[in-house]
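Biologist: Before we begin, may I ask you to justify each term that you apply to this model? I should like every label to be set against its criterion.

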Amino acid sequence: MHDDATAQQSQTTHTVPYSQYVLIWFGLLALTALTVSLAGIELGRWVIITALTIASIKSLLVLNIFMHLRFEDRVFRMFALVAFVTLVIFLVLTFFDYAFH
Amino acid sequence: MSGTSHGIPAEAHVHRDDTGSRLGMWLFLFTELILFGGLFIVYAVYRFSHPDAFHLAAAELNTFVGTVNTIILLTSSLTVAMSITAMQEGRKAFALTLVGLTIALALAFLVNKYFEWGHKFDVGIYPGSPELLSQPQGVILYFGLYFIMTGLHALHVIIGMAVLMYVFNAIRRGTIHATSYVRLESGALYWHLVDIIWIFLFPLFYLLH
């Protein structure tokens, strides 16, 4: 019943309020400030890990809210996961090849 | 869909699949992810093999300019995301303003990029320059990747601007409206991808101290 209705309308029924977008934007700016200030500190091998962790959190905010992934059909998230896992497989295999040469 | 053939006039039943359109856009974005992903893997391997040279070369980049460009792109993502809500509410003028703002911010990003690259060229750092070739191997690799990856990203910014201008015109002419705005959504998705790529480029090239 409910599925029928959404299929007929075939439109994003979810409207994200402006305030939620602005909130996410503040979060993204705060994370940018954090990553820039952390770059000044000597963290050794943690530099790349903290930088990539912060970048990943920022991407997830953009993907889920700005790009509406959270409000889409589950198939969207499954596709995104497959694409991400494919990239990780490329990365891991490349490093295996590199490390054992 | 079989519903269309049951004597319903064609005008009454618009044959449209917006979810399918968006899914198609996402599939396209995954090919973009793999395109940039390949370059990120090359970056990872070279950074791993030339850690000191990468740190040395990264010191040449202006963190301030990079931070400003990050803020510009994040803000442009906000404005284009808000334009969808405006469109859903049927506020055409506000939607146009927001898409227009997004295009203006994209232009500001490119102007910054132009001066940044221009400065690098002035001090003799460009692919194949005598100044650059006299540097250690890792520095040459770093700047090769810097020009290719930020260059490919800038190309995406230019394409994104063209897409958003098309969307802007369609909203103005009324072919994108409150009950049919999937082209705005797809354009916005492309723009957000450009933002996400930059979210990773920024720390990997500018914040490597």
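**Terms and their grounds**

Modeller: This is a predicted model. The C-alpha centres of domain 1 of chain A and domain 2 of chain A lie 22 Å apart.

Biologist: Where do the bounds of these two domains fall in chain A?

Modeller: The domain assignment places domain 1 at residues 17-67 and domain 2 at residues 73-101 of chain A.

Biologist: Which elements make up chain A, and in what order do they run?

Modeller: From the N terminus on, the order is α-α-α-α. Chain A thus holds 4 helices and 0 strands.

Biologist: A:His14 lies in which part of chain A?

Modeller: The loop between α1 (2-9) and α2 of chain A contains A:His14.

Biologist: Why is A:His14 called exposed?

Modeller: A residue is exposed if 12 or fewer other C-beta atoms lie within 10 Å of its own. A:His14 has 10 C-beta neighbours inside 10 Å, and therefore counts as exposed. As for its distance from A:Phe84, the two are 70 residues apart in sequence and 25 Å apart in space, C-alpha to C-alpha.

Biologist: What share of chain A counts as buried?

Modeller: The label requires 20 or more other C-beta atoms within 10 Å. Of the 101 residues of chain A, 15% count as buried.

Biologist: How many residues does each chain give to the contact between chain A and chain B?

Modeller: Chain A gives 31 residues and chain B gives 35 residues. On the side of chain A, the elements that give two or more residues are α2 (18-39), α3 (46-66) and α4 (74-99). Of these, α2(A) gives the most, with 9 residues. Sorted by class, this side of chain A has 20 nonpolar, 9 polar and 2 charged residues.

Biologist: What makes α2(B) and α6(B) oblique to each other?

Modeller: The axes of helix α2 (residues 51-58) and helix α6 (residues 137-173) of chain B cross at roughly 55° and come within 8 Å. Angles under 35 degrees count as roughly parallel, and 65 to 115 as roughly perpendicular. The crossing angle falls in neither range, and α2(B) and α6(B) are therefore oblique to each other. The crossing of α2(B) past α6(B) is right-handed.

Biologist: Which residues make this contact in chain B?

Modeller: From α2(B) come B:Ala53, B:Phe54, B:Leu56, B:Ala57 and B:Ala58, while α6(B) supplies B:Gln137, B:Gly138, B:Val139, B:Tyr142 and B:Phe143. By class, the residues of the contact of α2(B) with α6(B) are 8 nonpolar, 2 polar and no charged.

Notes: Residues are numbered from 1 along each chain as its sequence is written. Chains are lettered from A and ligands numbered from 1 in the order in which they are written. This is a predicted model: local features need pLDDT of at least 70, side-chain atom pairs count only at pLDDT 80 or more; totals for chains, interfaces and linings use all residues. Domain bounds come from an automatic or database domain assignment. Two residues are in contact if their C-beta atoms, placed from the backbone, lie within 7 Å. Ala, Val, Leu, Ile, Met, Phe, Trp, Tyr, Cys and Pro count as nonpolar, Asp, Glu, Lys and Arg as charged, and the others, Gly among them, as polar. Axes are lines fitted to C-alpha atoms, for helices over the stretch in contact, and angles run from 0 to 180 degrees between N-to-C directions. Angles under 35 degrees count as roughly parallel, over 145 as roughly antiparallel, 65 to 115 as roughly perpendicular and the rest as oblique. A crossing is left-handed if the near helix is turned anticlockwise from the far one by less than a right angle, and right-handed if clockwise.
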